[in-house]
Amino acid sequence: MNTKTKVLMVMQSICGLTALIVLGAIYIWAPVCDQFLQLANGNMTHMKCFYTAHAATYLAILLLANSIIGLATKNKTAIISLIIGIMLITITNDTIGIGICKKSTMSCIQTAIWFKGCGIVTIIASTGQLLIKE
């Protein structure tokens with residue numbers, strides 16, 4: 001196994017690790033708030049952060065599956081990881097994503113920081129994979 005293949009495997013593993021970190025942030029150390037929002041008609045609904053966490057869960061599962069497939073087949077699946085990394089960052093944005101709560105006292109602010117950090121690490125690792133020539 002040459003050095004380039006080892007580096008590709010390490011970068012693919014980093015993407016898988018960031019997927020596990022996103023899942024851990026959502027469900028263990030930085031869960032989103034479980035409060036409800038009252039609508040004008042009196043009905044109750046979940047806040048935006050609830051739906052952002054669900055979307056991030058699906059993205060993390062896709063990223064983890066992509067990483068496992070890339071490691072098992074030794075194929076470059078970096079473009080998928082790059083797109084998922086970008087999506088992890090954009091889902092926390094109110095204008096182009098689902099968004100999070102505006103209040104700084106809400107716990108979803110911490111979850112969004114984990115999403116953005118993991119998205120950045122995923123983008124860096126997948127860009128590195130794309131730049132390596134075999």
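Me: Why is T18 called buried?

Reply: In this predicted model, T18 has a relative accessible area of 5%. Buried means under 20%, so with 5% T18 counts as buried.

Me: Good, that is clear. Where does T18 lie, and what is T18 in contact with, leaving aside its neighbours within four places in sequence?

Reply: T18 belongs to helix 1. Leaving those neighbours aside, T18 has L63, C118, V121 and T122 in contact. Contact here means heavy atoms within 4.5 Å. L63 is among the helix 2 residues that meet helix 1, while C118, V121 and T122 are among those that helix 4 brings to its contact with helix 1.

Me: What makes helix 1 and helix 2 roughly antiparallel?

Reply: Their packing angle is about 155 degrees, and their axes are 8 Å apart. Angles over 145 degrees count as roughly antiparallel, so helix 1 (residues 3-29) and helix 2 (residues 48-73) get that description. The crossing of helix 1 past helix 2 is left-handed.

Me: Which residues make up that meeting of helix 1 with helix 2, and how do they divide by class?

Reply: Helix 1 brings M9, Q12, S13, C15, G16, T18, A19, L20, V22, L23, I26 and Y27. Opposite them in helix 2 are A53, A56, T57, A60, L63, L64, N66, S67, G70 and L71. By class there are 14 nonpolar and eight polar residues, with no charged ones.

Me: And how do you know that helix 1 and helix 4 are roughly antiparallel?

Reply: The same kind of reasoning works here. Helix 1 and helix 4 (residues 108-131) pack at about 170 degrees, with axes 9 Å apart. The cut-off is over 145 degrees, so this pair is roughly antiparallel too. On the helix 1 side, the contact includes L8, M11, I14, I21 and W29; from helix 4 come residues including W114, F115, A125 and Q129. The contact has 14 nonpolar, seven polar and no charged residues.

Me: How do you know that the span of helix 2 agrees with 1.5 Å a residue?

Reply: Helix 2 has 26 residues, so at that rise it should span 38 Å. Its end C-alpha atoms are 37 Å apart, which agrees. For helix 4, with 24 residues, the reach from first to last C-alpha is 34 Å, close to the expected 34 Å. Just after helix 2, K74 has a positive phi of about 55 degrees.

Me: Which residues of helix 2 and helix 4 are buried, and what covers them?

Reply: In helix 2 the buried residues include C49, T52, A56, L59, L63 and G70. Their cover includes helix 1, helix 3 and helix 4. In helix 4 they include C108, A112, F115, G119, T122 and S126, with helix 1, helix 2 and helix 3 (78-90) among what covers them.

Me: Let me step back to the whole protein. What is its pattern along the sequence, and how much of the protein counts as buried?

Reply: There are four helices and two strands, in the order α-β-β-α-α-α. Of its 134 residues, 40% count as buried. The C-alpha trace spans about 60 × 25 × 20 Å along the principal axes. Among contacts with a separation of 6 or more, 73% come from residues 24 or more positions apart.

Conventions: Residues numbered from 1 in each chain as written. Predicted model: local features only at pLDDT ≥ 70, side-chain atom pairs only at ≥ 80, totals over all residues. Heavy atoms only, no water. Axes fitted to C-alpha atoms, helices over the stretch in contact; angles between N-to-C directions. Parallel < 35°, antiparallel > 145°, perpendicular 65-115°, else oblique. Left-handed = near helix turned anticlockwise from the far one by under 90°. Nonpolar A, V, L, I, M, F, W, Y, C, P; charged D, E, K, R; others polar. Buried < 20%, exposed > 50% of the residue type's maximum accessible area, 1.4 Å probe, protein only. Expected span 1.5 Å × (residues − 1).
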